[in-house]
Amino acid sequence: MRLKEYLKNKIPENKLQYLPSSFDIIGQICIIELKPEIKKYSKLIGNSILKLNPNIKSVFKKSSAVKGKYRTHKLTYIVGINNKETIHKENKALFKLDVEKCYFSPRLSNERLRISRLIKKNESILVMFSGIGSYNFVILKNSSPKEVYCIEVNKTAHKYALENLKLNKINENKIKLYNGDVKKIMPKINKKFDRIIMPLPKESFFFLNLALKKIKKKGTIHLYTFIEEENEVEEKMKKYTKKFRILKITKCGVYSSRISRVCVDVKI
Ligand SMILES: C[S@@+](CC[C@H](N)C(=O)[O-])C[C@H]1O[C@@H](n2cnc3c(N)ncnc32)[C@H](O)[C@@H]1O
């Protein structure tokens, strides 16, 4: 039963339109956005979500946008178990995380699977901005690369990535997890990669020069960015390199009514 239907006759008819039409479920945690018009019904809404979804144990409300270097958002407790740590299952991988201290979006699960299916046997891969390890573990669980190097600046996200390495029973020879800024770590990595993934849409172009130095000839970069029109991408790319071919632009989310999050697959 949908939330709106369940809450009919429990909250005023004219408030039903403000109920969230979707929410994020990460492990046993549900994260909702609540419009100010229905703020005073937050406990009732939270308890209804718990009742309708037996697997959910906690409900939190977004109380800030995704912000800062770590791309995290503030959450406010509504009902259930007051614990922001959970284990999420996706594409054969397990992710343990604190949903407030680390970035993670369950909405990108199809996109992570798409990338993992492009990987050919024995590729060397670099995931810049790797977070709790969402891309790297989906890749390692669904394809057969030679190795995956990962770099993440948020200490807490890195700590969870190390835990997730164990949780997913990954062969430690296949993965290297670095904690630090890509600008400091990448120049110290003395090798080039077949594929580089750049999941930091807000700033990925700022780091493109770094990636271009570490990609093999004919390698592929997956660059996430926000755009209004697809033709913006080619113009932006030209500022960094003349030798590139855009293979595909995949829409994988919305930022606002006009701006989309996309992944640009580029052959160098
Ligand atoms: C949008 S999140 C993506 C995380 C993860 N790849 C995922 O998709 O779940 C971007 C991540 O980049 C990290 N980050 C931001 N700037 C960084 C930098 N200069 N060097 C390394 N990591 C950085 C943030 O802490 C954050 O975890």
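Tutor: Strands (E, at least two residues) and helices (H or I, at least four) are DSSP runs, numbered from the N terminus. The model is predicted.

Student: Between which strands does the loop with His73 lie?
Tutor: His73 is not part of a strand here; its place is in a loop. One flanking strand covers 58-62 and the other covers 75-80. The loop of His73 therefore lies between E3 and E4.

Student: Is His73 buried or exposed?
Tutor: Buried means under 20% relative accessible area. His73 has 16% relative accessibility, so it counts as buried.

Student: Which residues is His73 in contact with, leaving aside neighbours within four places in sequence?
Tutor: Contact means heavy atoms within 4.5 Å. With neighbours within four places left aside, the contacts of His73 are Lys62, Ser64, Ala65, Val66, Val99 and Glu100.

Student: What is the order of the open sheet of four strands?
Tutor: The pairing in this sheet is mixed. Strand E1 (24-26) and E4 stand at the edges, so each has one side without a neighbour in the sheet. The twist averages 25° from one strand to the next. The order is E1-E2-E3-E4.

Student: Which residue in E3 stands opposite Ile31?
Tutor: Strand E2 (residues 29-32) runs parallel to E3, and four bridges join the two. Opposite Ile31 in E3 stands Phe60.

Student: Helix H2 packs on this sheet; what angle does its direction make with that of E4?
Tutor: H2 spans residues 42-52. It touches E2, E3 and E4. With the direction of E4, that of H2 makes about 60°.

Student: Around the axis of H2, what arc do its buried residues cover?
Tutor: The buried residues of H2 are Ser42, Ile45, Gly46, Ser48 and Ile49. Their cover includes helix H1 (3-7), E2, E3 and E4. They are on the same side of H2, because the arc they cover is only 160°.

Student: Now the open sheet of seven strands: which are its edge strands?
Tutor: The order is E9-E8-E7-E10-E11-E13-E12, with mixed pairing. An edge strand pairs on one side only. From one strand to the next, the twist averages 15°. The edge strands are E9 (175-179) and E12 (245-254).

Student: In E10, which residue is the bridge partner of Val127?
Tutor: Strand E7 (residues 124-128) and strand E10 (residues 193-198) run parallel, joined by three bridges. The partner of Val127 in E10 is Ile197.

Student: And in E8, which residue is the bridge partner of Met128?
Tutor: E7 and E8 also pair in the parallel sense, over five bridges. In E8, Met128 has as its bridge partner Ile151.

Student: Which residues of E8 point the other way from Glu147, Tyr149 and Ile151?
Tutor: In a regular strand the side chains alternate between the two faces of the sheet. E8 is mostly covered, with six of its six residues buried. The residues pointing the other way from Glu147, Tyr149 and Ile151 are Val148, Cys150 and Glu152.

Student: Which strands does helix H8 touch as it packs on the sheet?
Tutor: H8 consists of residues 231-238. Its direction makes about 130° with that of one strand, E11. The strands touched by H8 are E11 (215-227), E12 and E13 (260-267).

Student: How far does H5 reach from its first C-alpha to its last?
Tutor: H5 (residues 155-167) has 13 residues. At 1.5 Å a residue, 18 Å is expected. The reach is close to that, at 18 Å.

Student: Within what arc do the buried residues of H5 fall?
Tutor: Ala157, His158, Tyr160, Ala161, Asn164 and Leu165 are buried. They pack against strand E5 (85-90), strand E6 (93-98), helix H4 (134-142), strand E8 (147-152) and E9. On the other side of H5, Lys155 and Lys166 are exposed. The buried residues line one face of the helix, because they fall within an arc of 160°.

Student: At the start of H5, which residue's backbone nitrogen does a side-chain oxygen of Asn154 reach?
Tutor: The oxygen of Asn154 comes to within 2.9 Å of that nitrogen. The nitrogen belongs to Thr156.

Student: How far apart in space are Lys202 and Thr225, C-alpha to C-alpha?
Tutor: Lys202 is in the loop between E10 and helix H7 (208-214). Leaving out residues up to four places away in sequence, Lys202 touches Arg71 and Phe226. Lys202 and Thr225 are 23 residues apart in sequence. In space, their C-alpha atoms are apart by 6.2 Å.

Notes:
Residues numbered from 1 in each chain as written. Predicted model: local features only at pLDDT ≥ 70, side-chain atom pairs only at ≥ 80, totals over all residues. Heavy atoms only, no water. Pairing = 2+ DSSP bridges. Axes fitted to C-alpha atoms, helices over the stretch in contact; angles between N-to-C directions. Expected span 1.5 Å × (residues − 1). Buried < 20%, exposed > 50% of the residue type's maximum accessible area, 1.4 Å probe, protein only. Arc of directions from axis to C-beta. Polar contact = N/O pair within 3.5 Å; in protein donor to acceptor, adjacent residues only side chain to side chain.
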